[in-house]
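Here is a short report for a first look at this structure. Please have the sequence and the 3D view at hand as you read.

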Protein chains: 2
Amino acid sequence: MIPVRTASASYDVEIAPGLLKELGGRVAALLPAGPRMFVVTSPEIWALHGAEFLSGFAVAPTVLTVPPGEQHKRLATVERLAEEMAEAGADRDSVLIAFSGGVLGDMTGFLAAGYMRGIRYIQVPTTALAQIDSAIGGKTGVNLAAGKNLFGAFHHPLAVYADTAVLATLPDAELRAGLQEAVKAGIIRDRALFDYMDELSESVLAGDVAALTHVIAESVRVKAKVVAADEKESGERMLLNLGHTLGHAIEAATKYKALLHGEAVAWGMLAAIGIAERRALVTSDEAQRMGRVIRAYGPLKNFSANVADLVALTAKDKKNRSGSRSFVLPVGIGDATVVRDVSVAELTGAAEAMMELRGEQVLA
Amino acid sequence: MIPVRTASASYDVEIAPGLLKELGGRVAALLPAGPRMFVVTSPEIWALHGAEFLSGFAVAPTVLTVPPGEQHKRLATVERLAEEMAEAGADRDSVLIAFSGGVLGDMTGFLAAGYMRGIRYIQVPTTALAQIDSAIGGKTGVNLAAGKNLFGAFHHPLAVYADTAVLATLPDAELRAGLQEAVKAGIIRDRALFDYMDELSESVLAGDVAALTHVIAESVRVKAKVVAADEKESGERMLLNLGHTLGHAIEAATKYKALLHGEAVAWGMLAAIGIAERRALVTSDEAQRMGRVIRAYGPLKNFSANVADLVALTAKDKKNRSGSRSFVLPVGIGDATVVRDVSVAELTGAAEAMMELRGEQVLA
C-alpha cells in the first residue's frame, strides 16, 4: 500500500497481482454505505476481465462502455456518459470506477470531476502506463482538436487498485511503452529504481510478476512523493514531464498514430538527455547508460517528422507560461530540474540528434 | 467592497454604478503582470456596453461571443470556446472575463475551470440575477439534456465587478425575476434586507440606482456569508436553494420556455412558504407578508403543468442524496432550514396550493 497525501486529498494505492477478485470486498469496506456504482470500461477489457471484476461485488455496478482509442477522449463522450448516468439515476453520492487504461481513466476521472460538480471515483488501472502514471495524482481530462489533455480538472480518486497480473494480457509493445514512464521515474527521482530496471530488465520485460510489481510500486512511490510536494504542478510536479515536451510534439506531428505515448516519451527523454549532456548536467557515461536502459525497454518504433515542426510544436506545450518554454532535464541519474532557457537552436540540435538515433534504432 | 472568503478562495465583489468604465484600470491593478485576456460575452451585451467595457483597457482583450439562451449552455459550446482560445494561444497564465448574465457566466466559469485544468477568471455580471446570485460563490457549469447545471465545477473568480448602472438596460421582467433571488436572500438570512425590499419596492423596481445597489450589495453579503460557511454545499449552502426544488421542476416541466429562472423560483418559494406555514415554522402573518413581497416583485407569469409531474421532477433534484428528497423551508423571516422528510402527499398539497395561487396571480 502506497499512501498519496496532498493538500486536497488523501488516498491509498494498492498494487498486487490478483487484486481484481478482491475488488468488490475492498470497495465495500471503503464505502460501507453502499452507494450506487458505475464502472466505465472498454468492451475489450470487460470481455477479458469483467467476470473477475464482478466476482467480489454483492451488487453489480452499472456498466458503461467506451470503445478504445484516443479519438474517443473528447467532451462529446463525457457528455454521453453523463447523460447515461443521469438517466440511470446517478446522484451526488454515486461512485464511478474507471476500469481501464490511461485514456479512459483520464476521461472517467473528468466525468467524476464534473458530474453534479464532482462525485467520488476509484481507479482500477489495467495497463502499465495507467498503473505507473496516469491513475495516480488526480490529473483528469480530455483532448481538444488543438491538443491532448487541454481540458480537464484536478480530481483525485478515493483509492487506486492496480492488479499487476492483468498486465499479462497486454500486448508486449504496450507493456514496454508503459514501462518507459517507470524508467522516467527512476531518472528523475529514484536511482535505485533505475538500477533495478537496468539490472532486471529481462525479468521485468518477460512479465515476471514480482519484478513488475516492484517496478510499478516504486514508480508509484516516486509519483506520490512528487504530487504530495506539488499537487497543481507549479514546480516539482513538472519533473514528471521529462521527455514529454518533445514527446508530445512527436505525438502531435504524427497525429497520435505512429507511436504509443510511452514510446514518444522515450524519444523525448533521449533528446532531453542530449541537452543535459551538452550542458554538463549529466556525464557522458550517465547519458549513455540512460540511453541504453531506455532502448532496453524498446525497441523504439521509427516515425517521420520534420525537426522544425517538432520545435514549433513545443511552443504549444501546456507547461509554458506567458511565452517561455519549460524543459525538464536530468541532473545525473535520480535527479532532474526544470529550465526555461532552452533556446530554439539548442532544441533544434537535440531534436536533430534524436532523429539520427532514430535511424540507429531502426537498424538495431 | 464585499469580501468572499472560503476554504479554497479569497476574493472581493465590487458593486457600484459606473464601474464598467473603471474596469480596465481595476483589472490592471489586480493583474500587474499583464496576462493575455479573453472576454466571453453575447453579441447583444457587447453591442450595448462593449465600448465602455474596453475604455479602460490598455490592451484590448480578445472577444469571444456566444448567442444568448439556455440552449447554448452546453459542453459543445465550451469546447468551441476552448478551441478558439487554444487557437489564439491562450496558456495557463491567460485570464478569462465573463461579461454576461448568469447563463453565460456559469459557462465561462466552467471554461476557466477546465481549460488546461484551470485558469483564472473574472466575473463582470450584467443582469440582476447574475449580480445577486450566480456570479458569486464559484458554482460553474453547463446543462445536460437530463437537466440544468448537471455538469460543472466549483471554481471561484479572482474578482467580481458588478456595475449596477448596466441594469437600466435590462428588460423589466428580467430585473424583477432577478430580484426574486434578493427576496430569497432576505427570507433565508437577512430580515433587514427583506424589510427594505418590502418598504422600498417601488424605488427598487423603478430602477433607482442607489436602492438597487443597496439590495444587490446586501444580497451578495448574504451569499458570501453562506458560501464562506459551506463552500461545497454540504449543509448551510443548501439554504440558497429556497424555492429551487419546485422552481427547477417547474422550469423542467415547461421546458425552460414559459418562465424566467427567478419567476420559477418565486413560484417555488410560495410553495415552500405554504409547507412551512402548515408545519408552523412561520406564522400565517409571516407567510402572507412573504407572499405579498414575492408578488410585489412579480407579476409572476402563468404557466401550465401537472402537479404529479412537478412532484415526480423534484425526485431528480441535484441536492438529493441516495434517494432522500431535500427541501428548504423558511423559519420565520430571516432564517431557514433544510428538511429531508417532506412527503409526497405534503409536496403534492403544496404544489396544488401553488397552482391555485397561479390563477389568482393571473387575475391580479
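## Symmetry of the two chains

L75(A) is the residue of chain A that comes closest to the rotation axis, with its C-alpha at 3.3 Å. The model is predicted. A turn of 180° and a shift of 0.0 Å along the axis lay chain A on chain B, with an RMSD of 0.0 Å. This is the relation of a two-fold axis.

Both copies use the same surface. Of the contact residues of chain A, 100% recur in chain B.

## A buried acid in chain B

D230(B) sits in a loop of chain B. Helix 9 (209–229) comes before that loop and helix 10 (244–253) comes after. D230(B) is buried, yet it has no salt bridge. Why not? A salt bridge needs the charged atoms within 4 Å, and the nearest side chain of opposite charge, R237(B), is 6.6 Å away from D230(B).

What does the side chain of D230(B) reach? The backbone nitrogen of E236(B), at 3.2 Å. Setting aside neighbours within four places in sequence, D230(B) is in contact with G235(B), E236(B), R237(B) and M238(B).

## Helix 10 in chain A

Helix 10 of chain A spans residues 244–253 and is mostly covered. Of its 10 residues, 7 are buried. They are H244(A), T245(A), L246(A), G247(A), A249(A), I250(A) and E251(A).

K255(A) follows helix 10 of chain A. The phi of K255(A) is positive, near 55°.

How values were computed:
Residues numbered from 1 in each chain as written. Chains lettered and ligands numbered in written order. Predicted model: local features only at pLDDT ≥ 70, side-chain atom pairs only at ≥ 80, totals over all residues. Heavy atoms only, no water. Helix = DSSP H or I, 4+ residues; strand = E, 2+ residues; numbered from the N terminus. Buried < 20%, exposed > 50% of the residue type's maximum accessible area, 1.4 Å probe, protein only. Lys, Arg positive; Asp, Glu negative; His and termini not counted. Polar contact = N/O pair within 3.5 Å; in protein donor to acceptor, adjacent residues only side chain to side chain. Contact = heavy atoms within 4.5 Å. Least-squares fit on C-alpha atoms with pLDDT ≥ 70 in both.
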